[in-house]
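Work through the exercises below with the structure open. Each task is followed by a solution in steps.

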Amino acid sequence: MTTASIDRQWQRFTFNERLARYAVYLCFVSAIVWSWQTVEVIPEFLFDAPAQFADMFQRMVPLDYGFYPQTIHAALIETLHIATLGTLFTLVFAIPLALLNAPNIMPSKTVNWVAQVFLVSSRSVNSLVWALLFIALFGPGVLAGIMAIAVRSIGFVGKLLAEAIAEVNMGTIEALKATGASWTSILLKGYWPQVMPAFFSIVLFRWDINVRESAVLGLVGAGGIGVVLNDAQNLFEWQKVSMVLLSIFAVVILAEALVIYVRKKLI
């Protein structure tokens, strides 16, 4: 055994790899410091936050239970309608865009790219921003909220559905093509049975998300429970605010349970 073999030591990372790791750590810390300076947190407000929270909590209890049948219930139903109709309208545009974005259905890369641009544009803008745009078009109300939810959801549903279509087993598709089946038959008998579980999962998951997003659209005037919450906050009626927040929390939990139940029944 030579001296060189005895002195050789195993190292997990090379010098360049360690240097790269330290550079990543340095960039991460620098980003935090830079962001913290940009935020401009006021220390007095930060240290006073626990006391302010305790004071607000005292003003929020007891809950105003009588406010629920008067206003909250109808607003919650409206919120669910916004989420449901918005999700259904989404499918009208998301399904064609998903088919155009799937390379095994549409081999043209140009068409794939155009469809992907629409999908990315849809999900790159927040629901509140879409709501503001549609309020400018249709005025305040439920219609603006429905359109905001629908347009926002197109990118989410279309992207995931396109990925599910792209991952299907092409053996069945090739067999149908060999028999001379029409394009519609191939789509319904070859693609749909394989994509169906993912489709229902995506739609149910998006509806669950839309229920939560619909709850805040009213803050900008797009209807739903957010309008009631905004009015109660502006009037400093904190007991009503707490009742609205509790109602939203309950609806979100029930929607989650409903999605899990329906998904088990369908898939």
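UniProt positions are given in the numbering used here, and the annotations may be inferred rather than shown by experiment. The model itself is predicted.

**Exercise 1. Set the UniProt annotations beside the model.**

Solution.
- Start with the record: an unreviewed UniProt entry gives "transmembrane region" for residues 20-37, 80-100, 128-151, 191-209, 216-236 and 242-262.
- Take residues 242-262. This span is 100% helix and 0% strand, and its end C-alpha atoms lie 30 Å apart.
- Take residues 128-151. Here the chain is 88% helix and 0% strand, with end C-alpha atoms 11 Å apart.
- Then turn to the domain, which UniProt (unreviewed entry) lists as "ABC transmembrane type-1" over residues 76-259. Helix makes up 84% of that span and strand 0%, and 18 Å separates the end C-alpha atoms.

**Exercise 2. Describe the largest pocket: its volume, its lining and the elements that supply the lining.**

Solution.
- The volume of the largest pocket is about 190 Å³.
- Its lining consists of I95, L99, L161, I165, L187, L188, Y191, W192, V195 and F199.
- Two or more of these residues come from each of α4 (67-101), α7 (142-166) and α9 (183-217). The largest share, 6 residues, is that of α9.
- Sorted by class, the lining of this pocket has 10 nonpolar residues, no polar and no charged ones.

**Exercise 3. Find the largest nonpolar core and follow one of its members outward.**

Solution.
- The largest nonpolar core has 21 residues, of which I105, V157, L161, I165, Y191, V195 and F199 touch the most other members.
- The elements giving two or more residues to this core are α4, α7 and α9, and α9 supplies the largest share with 7 residues.
- Compare with the pocket: L161, I165, Y191, V195 and F199 are named both in its lining and among the core members that touch the most others.
- Now follow V157. Neighbours within four places in sequence are set aside, and V157 then contacts T90, L91, A94, I202 and R206.
- Apart from this core lies another, of 16 residues, including F67, I72, V244 and I248.

**Exercise 4. How many cavities of 30 Å³ or more does the structure hold, and which residues line the largest cavity?**

Solution.
- The count is 1 cavity of 30 Å³ or more.
- The largest cavity holds about 40 Å³ of space.
- Its lining is made of L76, T79, V211, A215, I225, I248, V251 and V252.
- α4, α9 and α11 (238-266) each give two or more residues to the lining of this cavity, with α11 giving the most, 3 residues.
- By class there are 7 nonpolar residues, 1 polar and no charged ones in the lining of the largest cavity.
- I248 appears in this lining and is also among the members of the 16-residue core.

**Exercise 5. Locate a cis peptide bond and a residue with positive phi.**

Solution.
- Begin with the expectation: most peptide bonds are trans, and most residues other than glycine have a negative phi.
- The bond from V61 to P62 is cis, its omega being near 0°. P62 sits in the loop between α3 (43-60) and α4.
- F236 has a positive phi, near 60°, although this residue is not glycine. Its place is the loop between α10 (225-234) and α11.
- Is F236 buried or exposed? The relative accessible area of F236 is 60%. Exposed means over 50%, so F236 is exposed.

Key: Residues are numbered from 1 along each chain as its sequence is written. This is a predicted model: local features need pLDDT of at least 70, side-chain atom pairs count only at pLDDT 80 or more; totals for chains, interfaces and linings use all residues. Side-chain values use heavy atoms; hydrogens and water are left out. On a 1 Å grid over the protein atoms alone, a cavity is a set of points where a 1.4 Å probe fits but cannot get out, and a pocket is an open set with protein on both sides within 12 Å along at least five of seven lines; lining residues have an atom within 4 Å of a point. Grid points are joined across faces, edges and corners, and a volume is the space filled by probe spheres set on the points. Helices (H or I, at least four residues) and strands (E, at least two) are DSSP runs, numbered from the N terminus. Ala, Val, Leu, Ile, Met, Phe, Trp, Tyr, Cys and Pro count as nonpolar, Asp, Glu, Lys and Arg as charged, and the others, Gly among them, as polar. A nonpolar core is a set of buried Ala, Val, Leu, Ile, Met, Phe, Trp, Tyr and Cys residues joined through side-chain atoms within 4.5 Å. Buried means under 20% relative accessible area, exposed over 50%, partly exposed in between (1.4 Å probe, protein chains only). Contact means heavy atoms within 4.5 Å.
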